[in-house]
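User: I would like a close look at a single part of this protein. Please go through one helix slowly and say how its sides differ.

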Amino acid sequence: MRGFAIVVAAALLLAGELHCARTAPSPAEAEAEAEAEATPSPPLPTEAPQPEAPLQAPQPPRRATAPPQPRRRPHGPPHGRAPPPAVPRRQDPPLPPPRPVAPPRPNPPSPPRQVVPPQEPALAAPPPPPPRVRANNYTVGCTTLLIFGDSTVDPGNNNRLRTTAKANFLPYGINFYGRRPTGRFSNGRLATDMLADKLGIQRTVPGFLDPTLKLGQLRKGVSFASAGSGYDDITASTLSALPFRRQLWHFWRYKLLIRALHGPRRAERLVNRATFVISAGTNDMLLNYIASNRSAGPIGMLRYENNLISRLGNYTQVMRMLGGRRFLFVGLPPIGCLPIARTLLGRGPDGCDSNLNQLAASFNSRLIQLSNFINYQPRLRSAYIDTYTIIRAATDNPQSYGLSEVSRGCCGSGMIEVGQTCRGRRTCPDPSKYLYWDAVHPTETTNQLITSLMLDSIAGFYS
């Protein structure tokens, strides 16, 4: 019995070892299973493909294998076993938790805007009017004066000519700077001299033929006028003066000098911005009317006016071709009231020749038409200076202008003296009270009245 028990015990022990050997996995199998457990199963089709697992060494065959298990999700536990400890994935380390984002700091509320209603200006104290400022070249824009015409604007060009129409002796110029005669047909300055002074350009306008003229003065302007000249060449030849076409030739020479001094572009701009002052016609009317002994009649004088205006239009066209853009036409005064006309022709109740005054007024109307026609041209400006009205008003009401004598001149008898016949003559004690200096030409006081008209017109040129 004892031996049978030992045999049974040995058989039981041998059966248990065999069972254990059949059911317990070998070390290699355990290791392979652990690696299989650690390796994740392929993802679902919707996920991104994962890299393939490395090839594994072949395992020895099992004697008995378990039935195949259904595929589970990567994180599910294997069938019939305890879930292995979670192994972190090496490919995708866990992301740190997102940092809390601080909410945006609200802007501090802006203070409410205060709306101030517009306040009405006080009516008790209106602002004072602006002070009157003398016109100058900075406010007006005129920096150059180019002057053409007769003795009314000749500063002494005739001093260089062989002519009897001169005024370079006393008593002419007794009220000029230095009390010296310069060739100006007046006791003092001409209207163009005072115009240049008030514009701030220069005190006086020199003549282009003046031997003391400096090149630096050219850009400020000169006068090409000649006493005894007119729009008609026959008028100038009567007194051997510079005809108008000769004055234009000197202007062409002037432009060549300006180009040499300042260059072509600057010279052209200077001439474009210059003011061209044109004052003539009195000699034409007087000489033609008196020479014809008033036999030409209205039709003849009308034809002569048309001839003069046509010539002036041609001269203006030449000035435009040479760069002129701004033209100031000085009208005729009431030449029938000149002291010499009163002496030779005057028959009216006021001592003036009414026919000669009508001729002057008719010529001025044609001059206005020419000025208006030029204003319609592109880039051209023109103005008419109405000397007739202001001198006629001074003649009819001299006290309003501070005058006491309007029918005769200050030099000599004042009835016939002009030019050479005025040389060395006695003069009136106060020329500022006279409308005329000699029998034809105005005093400096009268020229001041004309200057005021010129200033208003030039201001419109540069506005």
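Analyst: What follows looks at helix H7, then at the confidence of the model and at its cavity. The model is predicted. Helix H7 covers residues 264-272. Three residues of H7 are buried, namely Ala267, Leu270 and Val271. Seen down the axis of H7, these buried residues fall within an arc of 95 degrees, so they line one face of the helix. There is a general reason for such a pattern: an α-helix has 3.6 residues a turn, so residues three or four places apart point the same way. The buried residues of H7 pack against two elements, helix H6 (244-262) and strand S3 (275-279). The face turned away from the buried side carries Arg265, Arg266 and Arg269, which are exposed.

How far the rest of the model can be read depends on its confidence. The average pLDDT of the protein is 80, and 68% of the residues score at least 70. Over residues 74-80 pLDDT stays under 50, and the model has seven contacts beyond four places in sequence for them. Residues 111-139 also stay under 50, with 15 such contacts. Where pLDDT is low, the predicted coordinates should not be read in detail.

Last comes the empty space inside. The structure holds one cavity of 30 Å³ or more, and the volume of the largest cavity is about 40 Å³. Its lining is made of Ser151, Thr152, Phe185, Leu190, His441, Pro442 and Asn447. By class, three of the lining residues are nonpolar, four are polar and none is charged.

Terms used:
Residues numbered from 1 in each chain as written. Predicted model: local features only at pLDDT ≥ 70, side-chain atom pairs only at ≥ 80, totals over all residues. Heavy atoms only, no water. Buried < 20%, exposed > 50% of the residue type's maximum accessible area, 1.4 Å probe, protein only. Helix = DSSP H or I, 4+ residues; strand = E, 2+ residues; numbered from the N terminus. Arc of directions from axis to C-beta. Contact = heavy atoms within 4.5 Å. pLDDT = per-residue confidence, 0-100. 1 Å grid on protein atoms, 1.4 Å probe; cavity = no way out; pocket = protein on both sides within 12 Å on 5 of 7 lines; lining within 4 Å. Points joined across faces, edges and corners; volume = space filled by probe spheres on them. Nonpolar A, V, L, I, M, F, W, Y, C, P; charged D, E, K, R; others polar.
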